[in-house]
Amino acid sequence: ASKRRRAAVTPPAAWRPWVCDGTVAIDVGAAWGDTATSMALAAGPRGAVFALELIPALHHHNVVNALANRNLSRLIPVNVAVRGPGAGKLPKTVRAVRVWRWFSQALPHLRKHVSFVKIDVDALSALTAVELLEDLEAADERPVIKAEWFGGDRKRGCTRETEKVWEAARTAGYGVFAADATTSLESCAAALARARAHDGGAFPGGGGSLYADLYLLPGGISAVARRCPPVLPKSAAVP
């Protein structure tokens, strides 16, 4: 990983307002595990984090991280990809999934315990967020969602694909916020203006900002006011 990426590793404490202790989180686009591992530590030994990663070599990093932290957390690496145009040809061993449908079908007993979903799949982040919101619209669960706003997409402006994030959020009863989780982003245009004004201000060496990621909060709740889903029972079967 780059020096900038290593310097920007998120400590477990940063996830704790959203990754509730003893619950489940899903990291979509886990890469080498910099966020998945700290999320798993935030969830604690009774919780679980599913690290979804397309690239086999990066998936293996998550396997190593899971083994190294097995006494402190439950990190479950899954070698799958998200679906979408431009995803490219997948390795023969990897299948593409629609995240919430896949999780609900594969692990229906864990669904009500999901507190947080992080999405970081570059150009497919907006589409993946929209699909997740569409599937959650008819569900009882209301996890907090953190979605990357890919730099390449920001340069293209408010495309139809990005606008759909705001539309799907409103329909599903979610509010769109900056990465500080307190600054409301009423529209893509407003969010884009803030992002362009602040780009390069958040990470060592530049390259991001508090407005480069979007927090999708159910009912516009805050970290203080949010209600955590039920804690995983000790008897729950976790892969």
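## Around helix α8

Right after helix α8 in this predicted model, Gly173 takes a positive phi of about 80 degrees. The helix that comes before this glycine covers residues 160-172. You can check its length yourself: at 1.5 Å a residue, its 13 residues should span 18 Å, and its end C-alpha atoms are indeed 18 Å apart.

Now look at which of its residues are hidden. Thr162, Val165, Trp166, Ala168, Ala169 and Ala172 are the buried residues of α8. Viewed down the axis of α8, these buried residues fall within an arc of 165 degrees, so they line one face of the helix. A simple rule helps here: an α-helix has 3.6 residues a turn, so residues three or four places apart point the same way. On the other side of α8, Arg170 and Thr171 are exposed.

## Helix α6, an enclosed helix

Helix α6 runs over residues 125-137. The length check works for α6 too: 13 residues at 1.5 Å each should span 18 Å, and the end C-alpha atoms are 18 Å apart, which agrees.

How many of the 13 residues of α6 are buried? Eleven are, so α6 is largely enclosed by the rest of the structure. The buried residues include Ser125, Ala126 and Ala129, and these three will come up again when we reach the cavity. Also among the buried residues of α6 are Glu131 and Asp135, along with Leu127, Leu132, Leu133 and Leu136.

## Two disulfides

The structure has two disulfides. One of them joins Cys20 to Cys228, with an S to S distance of 2.1 Å. Cys20 sits in the loop between α2 (12-15) and β1 (24-28), while Cys228 is in the segment after β9 (213-218), so this pair ties together parts that are 208 residues apart in sequence. The link of Cys20 and Cys228 is left-handed, with -75 degrees about the S-S bond. Are its two ends buried or exposed? Cys20 counts as buried, at 4% relative accessibility, whereas Cys228 counts as partly exposed, at 46%.

Cys158 and Cys188 form another disulfide, and their sulfur atoms are 2.2 Å apart. Cys158 lies in the loop between α7 (151-156) and α8, and Cys188 belongs to helix α9 (residues 188-198), so the parts tied together are 30 residues apart in sequence. The link of Cys158 and Cys188 is left-handed, with -100 degrees about the S-S bond. Cys158 counts as partly exposed at 27% relative accessibility, while Cys188 counts as buried at 0%. If you number the bonded cysteines of the protein chain in sequence order, the pairing reads 1-4, 2-3.

## A cavity inside

Rolling a probe the size of a water molecule over the atoms shows where empty space is left. The structure holds one cavity of 30 Å³ or more, and the volume of the largest cavity is about 60 Å³.

Which elements each supply at least two residues of the lining of the largest cavity? They are α6, β7 (144-148) and α8. The largest share, three residues, comes from α6. The lining includes Ser125, Ala126 and Ala129, joined by others such as Ala147, Glu148, Thr162 and Val165. Two of these, Thr162 and Val165, are also buried residues of α8. Sorted by class, the lining has seven nonpolar, two polar and two charged residues.

Terms used: Residues are numbered from 1 along each chain as its sequence is written. This is a predicted model: local features need pLDDT of at least 70, side-chain atom pairs count only at pLDDT 80 or more; totals for chains, interfaces and linings use all residues. Side-chain values use heavy atoms; hydrogens and water are left out. Helices (H or I, at least four residues) and strands (E, at least two) are DSSP runs, numbered from the N terminus. The expected span of a helix is 1.5 Å times one less than its number of residues. Buried means under 20% relative accessible area, exposed over 50%, partly exposed in between (1.4 Å probe, protein chains only). The arc is that of the directions from the helix axis to the C-beta atoms. A disulfide is a pair of cysteine sulfur atoms within 2.5 Å. On a 1 Å grid over the protein atoms alone, a cavity is a set of points where a 1.4 Å probe fits but cannot get out, and a pocket is an open set with protein on both sides within 12 Å along at least five of seven lines; lining residues have an atom within 4 Å of a point. Grid points are joined across faces, edges and corners, and a volume is the space filled by probe spheres set on the points. Ala, Val, Leu, Ile, Met, Phe, Trp, Tyr, Cys and Pro count as nonpolar, Asp, Glu, Lys and Arg as charged, and the others, Gly among them, as polar.
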